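Let's take a walk through a protein model together. Have the 3D view ready so you can click along.

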Amino acid sequence: MSESDPAKHQAAWTAAALVESGMVVGLGSGTTASLTIRLLGDRRLAEGLEFVGVPTSGATEELARSLAIPLRELDEVAFLDLNLDGADEVDSQFRMIKGRGGALLREKIVVSTARRKVTIITAEKRVERLGATMPLPIEVSLFGLKHTQAKLAQLGASTSIRTQSDGRLYLTDGGNGIIDCRFAESDDPEGLDLRLRQVAGVLDTGFFFGLCDLLVVGHTDRVELFE
Ligand code: 5RP
């Protein structure tokens, strides 16, 4: 889905309105986060909104720079007032899967430093069970990639090493790989996450638990807020 989706626009507009002058704001990655960042760029120009952004990916950094949004490295700030990011799936307990865009590790590090954690989605991303619509992205070390893949398969996943459209290996901003893993439906994502983290070579999983305290859900004609 593109940035021009009206439901995405509704959600992004509501999220961008949460930023106040003086805030340090985590800037997520993906099309929904990008749309939100563009709207923040508009607010800077139209209203003189003054805030500092902390980007979660190289692509987001580039976009924010093109809009003249002042940026800081994460380690230059003590905490974030607000984090604004999208997600791929969200369940009723605000548990999420992220990482289709490949920025999961940095996104998780950034959001975990935020006082208010806002997730911006469109309605179809709300699911009953995580993994319903997409595989779980897992960020892995390139060293021993095939062995890590085999161990993930032993845990019951059907696995696919992520590649780019030209067939070359997909690399994250941190220079790691991603293995997309499809598991049988499970009611215990926390247990699965623990087992996955014990696999040598796994750097992080796309499960995000306890990292959303306001969910902004866009529909074509309205926005719902859940907290
Ligand atoms: C990137 C992410 C994105 O937030 C997620 O993939 C949602 O992206 P989009 O807003 O384009 O649907 O986790 O790593």
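We'll start with the core, move on to the ligand, and finish in two loops.

First, some ground rules. This is a predicted model, where local features need pLDDT of at least 70 and side-chain atom pairs count only at pLDDT 80 or more, while totals for chains, interfaces and linings use all residues. Residues are numbered from 1 along each chain as its sequence is written.

Now for the inside. The largest nonpolar core (buried Ala, Val, Leu, Ile, Met, Phe, Trp, Tyr and Cys residues joined through C-beta atoms within 7 Å) holds 47 residues. Ala11, Ala15, Ile120 and Ile138 have the most contacts inside it. Helix α1 (residues 6-16) contributes the largest share, five residues; helices here are DSSP runs of H or I with at least four residues, and strands are E runs of at least two.

Next, the ligand. Its shell has 18 residues, and the closest are Gly30, Thr32, Gly86, Lys98 and Gly101; to be near, a residue needs its C-beta atom, placed from the backbone, within 6 Å. Helix α2 (31-47) and α4 (104-111) each supply at least two shell residues, with α2 giving the most, three.

Finally, the loops. Ala68, between α3 (58-66) and β3 (80-85), isn't a glycine, yet has a positive phi of about 60 degrees. Ala68 is exposed, with 9 other C-beta atoms within 10 Å (buried means 20 or more, exposed 12 or fewer, partly exposed in between, with C-beta atoms placed from the backbone). Phe94, between β4 (89-90) and β5 (96-97), also has a positive phi, near 65 degrees. Phe94 counts as partly exposed, with 19 C-beta neighbours inside 10 Å.
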